[in-house]
Amino acid sequence: MSLFRRTPDQRRLRALRTAAPGPLRDHLSVPLPDPTVPLSDLRLLAVDIETTGLDPRTDRMLSIGWVPVDGGSVVLGGAGRVVVRDDAGVGSSAAIHGLTDDTLAGGDPLADAVAGLLAALTGRVLLAHFARIETGFLSGACERLWGAPMPCVVVDTLELEHRVVTGRGQRDPAPGALRLWAARERHALPVYRAHEALTDALACAELYLAQRAELEASAPETTLTLRQVMA
């Protein structure tokens, strides 16, 4: 078996060749940010997705929230939230995210919801906490809708928090200690209501800025770049 691994650019070019015309192809046609871009200049999009479960193969997206981060600023004017139309019912997951069947019945079709996110993400790096949830559901949706996955460059605040904690000389954190709200408490950030897509995206964006400040303070002689913080 070959040990060759495709780079993000190679994965995107391959997806671009197979994607049907539409929002995914338009998104993939814009180059990724250069990995040497300093974080002070980097454009990200903090994303959170609420779902019926954790498995992209069997569970469904219910809502998507996002907010841009330009360098050291959260751009609230670019924030967005969309509820995904779903006729199958939310079941027991309603106890977590609070979305009801009536709310979902008035939502947007999945294709429109994902297209809105792709437009906001174009030219940016995806920022998320435990990002495999977001990338797994988004890539799976893109394959079903447009015939190709959605490769992307990711900055994961869960991975950054592990780096911050261990950089303080502490041992590997206990299970649960790296969750979004535990990490925010560690950085003295305000408490928000959890499991609402836009609120969680904003919470992730704020956490990223706090983490970045601590990492930069610990190595003032180093210019942090995208390559140094990619998951």
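Which helices and which strand each supply at least two residues of the lining of the largest pocket? Strand E1 (43–51) does, and so do four helices: H3 (94–97), H6 (132–146), H8 (180–186) and H9 (197–218). Keep in mind that this is a predicted model.

Start with the pocket itself. The space in this largest pocket comes to about 760 Å³. Its lining has 25 residues, and those closest to the centre are Leu-54, Phe-130, Ile-133, Arg-179 and His-195. E1 gives the most to the lining, with five residues. Sorted by class, the lining has 12 nonpolar, eight polar and five charged residues.

Empty space can also be closed off. Rolling a probe the size of a water molecule over the atoms shows where such space is left. The structure holds one cavity of 30 Å³ or more. The largest cavity has about 50 Å³ of space. Among the residues that line this cavity are Arg-12, His-27, Pro-31, Leu-121, Arg-124 and Cys-152. By class, six residues of the cavity lining are nonpolar, three are polar and two are charged.

Now turn to the packed parts. The largest nonpolar core has 30 residues. Leu-24, Val-47, Met-61, Ile-64, Leu-126 and Met-150 touch the most other members. Several elements each supply at least two residues of this core: helix H2 (23–28), E1, strand E2 (61–70), helix H5 (110–121), strand E5 (125–128) and H6. H6 brings the largest share, six residues. H6 and E1 thus appear in two places, since each also supplies at least two residues to the lining of the largest pocket. There is a second, separate core too. This second core has 22 residues, including Val-153, Ala-201, Leu-215 and Leu-224.

Take a closer look at Leu-126. Leu-126 sits in strand E5. Is Leu-126 buried or exposed? Its relative accessibility is 0%, so Leu-126 counts as buried, a label for residues under 20%. Leaving aside residues up to four places away in sequence, Leu-126 touches Leu-45, Val-47, Leu-121, Leu-138, Met-150, Cys-152, Val-153, Val-154 and Val-155. Arg-193 lies elsewhere: Leu-126 and Arg-193 are 67 residues apart in sequence and 22 Å apart in space, C-alpha to C-alpha.

Next comes helix H7, residues 157–167. The buried residues of H7 are Thr-157, Leu-158, Leu-160, Glu-161, Val-164 and Val-165. Where do they lie around the helix? Look down the axis of H7: the buried residues fall within an arc of 155 degrees, so they line one face of the helix. What covers these buried residues? The cover includes E5, strand E6 (154–156), H8, H9 and helix H10 (226–229).

Finish in the loop between H8 and H9, where Ala-188 is found. Most residues other than glycine have a negative phi. Ala-188 has a positive phi, near 60 degrees. Ala-188 is exposed, with a relative accessible area of 70%. His-195 has its place in the loop between H8 and H9 as well. Phi of His-195 is also positive, near 65 degrees. His-195 is partly exposed, with a relative accessible area of 35%. This residue takes us back to the start: His-195 is one of the lining residues closest to the centre of the largest pocket.

Methods. Residues are numbered from 1 along each chain as its sequence is written. This is a predicted model: local features need pLDDT of at least 70, side-chain atom pairs count only at pLDDT 80 or more; totals for chains, interfaces and linings use all residues. Side-chain values use heavy atoms; hydrogens and water are left out. On a 1 Å grid over the protein atoms alone, a cavity is a set of points where a 1.4 Å probe fits but cannot get out, and a pocket is an open set with protein on both sides within 12 Å along at least five of seven lines; lining residues have an atom within 4 Å of a point. Grid points are joined across faces, edges and corners, and a volume is the space filled by probe spheres set on the points. Ala, Val, Leu, Ile, Met, Phe, Trp, Tyr, Cys and Pro count as nonpolar, Asp, Glu, Lys and Arg as charged, and the others, Gly among them, as polar. A nonpolar core is a set of buried Ala, Val, Leu, Ile, Met, Phe, Trp, Tyr and Cys residues joined through side-chain atoms within 4.5 Å. Buried means under 20% relative accessible area, exposed over 50%, partly exposed in between (1.4 Å probe, protein chains only). Contact means heavy atoms within 4.5 Å. The arc is that of the directions from the helix axis to the C-beta atoms.
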